[in-house]
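Reader: I would like to go through this model by question and answer, with the reasoning spelled out at each step. Where should we begin?

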Amino acid sequence: MDQLIDKIFKSHQECPECPSPKLIQTFFDSLLGLLFPEYALDIIRERKEVESNLFALQNQFAQILSKNKHLHQGDGDSLSNQFFTKLSEVFDLIHQDVDAMFAGDPASKSRAEILRCYPGFYAIAAYRISHEMYLMGIRMIPRIITEYAHSKTGIDIHPGASIGHHFCIDHGTGLVIGETTVIGNHVKLYQGVTLGALSVHKEDADTKRHPTIEDEVVIYAGATILGGNTVIGKGSVIGGNVWLTKSVPANSKIYYKAKMYDAGKDQTDLYVFKNDQD
């Protein structure tokens, strides 16, 4: 027992702040509730209250960064100020994503419904906020935020991914977007889509391992697209359950055509490739 106690004590001494995932989750929930009243416990009635809440959250973030200098290479106050200066731009991007989801889902009755009920909104908002921290060189905290959203929505977006404006996630459960994925503007993804990496060695972790999805692409449920050199051209449609490790040109349509298996024949499943430019 003494040996276990020593091990536990040593681990606590080596991680005095860490920071706690619960602390980061609370900070994110408070920030989301301030930005979107649909997630607030109480509606703000006076403008000065918005200002005081923003100032309090900025101070809280500065304290978190100051206590965890191992997670960044800057000054906590300066980094917090930089993040909150960029927050207006992030706020606008999230609203563009809401517009895309409202336009892209015929079942949605209002933007309020998307904000309150759609897991895609929550996952995208967490991504937009954490991505800004990621760009500032802050480590771990962005991952805590996106993994928190992952646990609540089933949507796994790495904060390092680059995603353009008017991004739409429809349903979204089981969707995975890897760290070096690049996604253009007006892209729509359905549930179960994986934008992942081919198997690479650990020393290749800093290379581009995940695909590039150009503007106005739609990828349907269950599709898997892998590899850092894989590019899905602008305006393409990728059908459900398609598996891709090679690039396709703009305006392509790829879908999976299933066949019943017959042991007496050599026929196998087919992938059908069409291109509007042909």
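Reader: Is Glu 147 buried, partly exposed or exposed, and which residue forms a salt bridge with Glu 147?

Author: In this predicted model, Glu 147 has a relative accessible area of 30% and is therefore partly exposed. Its partner in the salt bridge also counts as partly exposed, at 37% relative accessibility, and the two residues are four apart in helix H7, so they are separated by about one helical turn. The closest N and O atoms of the pair are 3.4 Å apart, and the residue that forms this salt bridge with Glu 147 is Arg 143.

Reader: Which residue forms a salt bridge with Lys 86?

Author: Lys 86 counts as partly exposed at 30% relative accessibility, and its partner counts as partly exposed at 43%. Both residues lie in helix H4, three residues apart, about one turn of the helix. With the closest N and O atoms 3.0 Å apart, the partner of Lys 86 is Glu 89.

Reader: How far apart are the closest N and O atoms in the salt bridge of Glu 14 with Lys 10?

Author: Glu 14 is exposed, with a relative accessible area of 57%. Because Glu 14 and Lys 10 are four residues apart in helix H1, about one helical turn separates them. The structure holds eight salt bridges, and in the one that Glu 14 forms with Lys 10 the closest N and O atoms are separated by 2.4 Å.

Reader: What is the area of the nonpolar surface patch that includes Ile 5?

Author: Ile 5 is found in helix H1, which spans residues 2-14, and is partly exposed, with a relative accessible area of 46%. Together with Met 1, Leu 4 and Ile 8, Ile 5 makes a nonpolar surface patch of about 430 Å².

Reader: Where does the largest nonpolar core lie with respect to domain 1 and domain 2?

Author: This core has 66 residues, of which Phe 121, Ile 141, Ile 177, Ile 219 and Ile 238 touch the most other members. Among the elements that give two or more residues to this core are helix H6 (119-135), helix H7 (141-153) and strand E3 (168-170). Because domain 1 (18-154) and domain 2 (174-256) both give residues to the core, its place is between them.

Reader: How far apart do the C-alpha centres of domain 1 and domain 2 lie?

Author: The domain assignment of the chain gives domain 1 as residues 18-154 and domain 2 as residues 174-256. Taken between their C-alpha centres, the separation of domain 1 and domain 2 is 26 Å.

Reader: Which backbone nitrogen does the side chain of Thr 153 reach?

Author: Thr 153 has its place in helix H7 and, at 10% relative accessibility, counts as buried. A polar atom of the Thr 153 side chain lies 2.7 Å from the backbone oxygen of Ala 149. The side chain of Thr 153 also reaches a backbone nitrogen at 3.1 Å, that of Ile 155.

Reader: Which residue has the backbone oxygen that the side chain of Lys 188 reaches?

Author: Lys 188 is found in strand E6 (residues 188-190) and counts as buried, at 15% relative accessibility. Its side chain is joined to the side chain of Tyr 190 by a polar contact of 3.1 Å. The backbone oxygen that the Lys 188 side chain reaches, at 2.4 Å, belongs to Gly 104.

How values were computed
Residues numbered from 1 in each chain as written. Predicted model: local features only at pLDDT ≥ 70, side-chain atom pairs only at ≥ 80, totals over all residues. Heavy atoms only, no water. Patch = residues over 30% accessible without salt bridge, like charges linked within 9 Å, V, L, I, M, F, W, Y side chains within 5 Å. Areas by Shrake-Rupley, 256 points an atom, 1.4 Å probe, with all protein chains shown as cover. Salt bridge = Lys/Arg side-chain N within 4 Å of Asp/Glu carboxyl O. Buried < 20%, exposed > 50% of the residue type's maximum accessible area, 1.4 Å probe, protein only. Core = buried A, V, L, I, M, F, W, Y, C linked by side-chain atoms within 4.5 Å. Domains from an automatic or database assignment. Polar contact = N/O pair within 3.5 Å; in protein donor to acceptor, adjacent residues only side chain to side chain.
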